[in-house]
Amino acid sequence: MTKALVTGPHGPPDISYNLDYDNYLARTQRRLQTEKLPKDLPSGFPQQIQNDLVWDGKDLAEKYDWNYALTTDDLTEIESALRHFKAQNLGLGFINQDTFPLPNLHKTLRDISKEIHMGHGFKVIRGVPVASHTREENIIMYAGISCHIAPVRGRQSFLDTGVDVALAHVKDMTSVVDGSKIGAPAYTNVKQAFHTDIGDVVALLCLAEGVGGGESYLSSSWKVYNELAATRPDLIHTLFGKIDIPYWHAPLLYHKPAKDTTPERVILHYSRRTFTGYLGLPRSANIPPLTEAQAEALDALHFTAEKYALSLDFRQGDIQYINNFGLFHGRASFQDSKEKQRHLIRIWLRDPEYAWEIPEPLRNKWDRVYKDVKPENTVFPLEPPIATGSDSNSGGKGLVAKGWHRLVRASQRMLVPS
């Protein structure tokens, strides 16, 4: 993101993780009236992109059925694969297409992967029988189905012992942790701004629903690009540029020209809290403030995505697969009770057959997720570890909390000696 000509009329921009539409409109009006902004796009960037990945959530249901309901035959095959895997006494890191075989469902899941990477960018599998299985069995089924869609799993975090954590729990933890110490909104019940994760495909399984709210929002980042390219090319410059200070080296927007085997693509990769901070993980005081242009660009990404978003109800037993390169995702606030608590689990996936080319500035990030993840060193915690903002500051190394080693032992059964 490039520096703007001004930093605001009264010092640093007034922007936080919490979204303020009126503030966004006022900043936009002020900049349009007081600044000389570029009227053309950066060299080589397309005026518009035409593709199935460009969609408006208001009418998408008329053109695309994003649900796949598991059939009776599918469920029989999944139960058989579950028994097959458990009989081998393997650690959960060894779940793959051979140890969790789905001979007939496999083709359907491969078609879903193609749709995620080359079509509309997402799919929802409905009907995983989570209520009738243990937590460990649910994780086995989830990872087993997912490995046929994208066989490479990434690490969500890692421990000082060299253990890779392949699964994250997305749940409101404020009842057991001081909310002011939580460093990410995913672990509260508040609304989440549109963002991307790290990784090619984001997979989320709904283990349990809350009392109300919690709708999952998806939005085409290509639709967002087209709108901004047509109306605010100066913001494309801001998102595409680089800060000339040593704190953030990568643009938020990338352009990939068409090749013989791949179409032209744009990639928007960002998380609002990276720039604004959040509760237990505040923005460092040592980092220079955002400029007015950068603040407006962050708001523009969210509010334009919101304009074209699709709302999905997340039911128990649903698995949502999202192309992290082509879609933004967010979430409505939700309410829990003692009896009903919203609980999702997340895996980051990669499919070498259909994978998009990773922009060079993002390679280090992607390597931290996917490089050298070994089955024997991989764990799937059965319950959410308690992590605070200070844990997040250490890059995930501080995730060891009370009860964590017990969870590791429960989720990583070692190979039975021969």
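The paragraphs below lead through the helices, strands and packing contacts of this predicted model.

The model is predicted, and local features are reported where pLDDT is at least 70, side-chain atom pairs count only at pLDDT 80 or more, and totals for chains, interfaces and linings use all residues. Residues are numbered from 1 along each chain as its sequence is written, and side-chain values use heavy atoms, with hydrogens and water left out.

The protein contains 11 helices and 20 strands, where helices (H or I, at least four residues) and strands (E, at least two) are DSSP runs numbered from the N terminus. Of the 418 residues, 54% are buried, a term that stands for under 20% relative accessible area, with exposed meaning over 50% and partly exposed in between (1.4 Å probe, protein chains only). Among contacts between residues at least 6 apart in sequence, 83% join residues at least 24 apart, a contact being heavy atoms within 4.5 Å.

A good place to begin is an open sheet of 4 strands, which has the order β7-β17-β10-β15 and antiparallel pairing; two strands are said to pair if DSSP finds at least two bridges between them. Strands β7 (192-195) and β15 (310-312) stand at the edges with a single partner strand each, so one side of each is left without a neighbour in the sheet. From one strand to the next the twist averages 20°. Strand β10 (residues 216-220) is joined to β15 in the antiparallel sense over 3 bridges, and S216 has L312 in β15 as its bridge partner.

Helix α5 (residues 221-231) packs on this sheet, where it touches β10 and β17 (327-331), and its direction makes about 50° with that of β10; axes here are lines fitted to C-alpha atoms, for helices over the stretch in contact, and angles run from 0 to 180 degrees between N-to-C directions. Helix α8 (residues 292-307) lies across β7, β10 and β17, and runs at about 95° to β7. Within α5, the residues S221, W222, V224, Y225, N226, L228 and A229 are buried, and the elements that cover the buried residues of α5 include β10, α6 (233-240), β11 (253-256), β12 (265-268), α8 and β17.

How do the two helices on this sheet meet? The axes of α5 and α8 come within 9 Å and cross at roughly 115°, and the two helices are therefore roughly perpendicular to each other, given that 65 to 115 degrees counts as roughly perpendicular, under 35 as roughly parallel, over 145 as roughly antiparallel and the rest as oblique. On the α5 side the contact involves V224, E227 and L228, which meet A300, L301, T304, A305 and K307 in α8. These contact residues divide into 5 nonpolar, 1 polar and 2 charged, with Ala, Val, Leu, Ile, Met, Phe, Trp, Tyr, Cys and Pro counted as nonpolar, Asp, Glu, Lys and Arg as charged, and the others, Gly among them, as polar.

Helix α8 also packs against α6, at an angle of about 105° and with the axes 10 Å apart, and α6 and α8 are therefore roughly perpendicular to each other. Here L235, T238 and L239 of α6 make the contact with A293, Q294, E296, A297, A300 and L301 of α8, and the residues divide into 6 nonpolar, 2 polar and 1 charged.

Another helix pair is formed by α3 (residues 105-118) and α4 (residues 135-149), whose axes come within 7 Å and cross at roughly 65°. From α3 the contact draws on H106, L109, R110, I112, S113 and I116, and from α4 on I145, H148 and I149; the residues of this contact divide into 5 nonpolar, 3 polar and 1 charged.

Turning to strand β2 (residues 122-126), 5 of its 5 residues are buried, so β2 is largely enclosed by the rest of the structure. F122, V124 and R126 point one way from β2, while K123 and I125 point the other way. Strand β1 (residues 67-69) runs parallel to β2 and is joined to it by 3 bridges, with A69 opposite R126. Strand β16 (residues 319-323) pairs with β2 in the antiparallel sense over 4 bridges, and in that pairing F122 stands opposite I322.

Finally, an open sheet of 3 strands has the order β4-β5-β20, with mixed pairing, and its edge strands β4 (157-158) and β20 (378-379) each pair on one side only. Between β4 and β5 (residues 164-165), which run antiparallel, there are 2 bridges, and F158 has D164 in β5 as its bridge partner.
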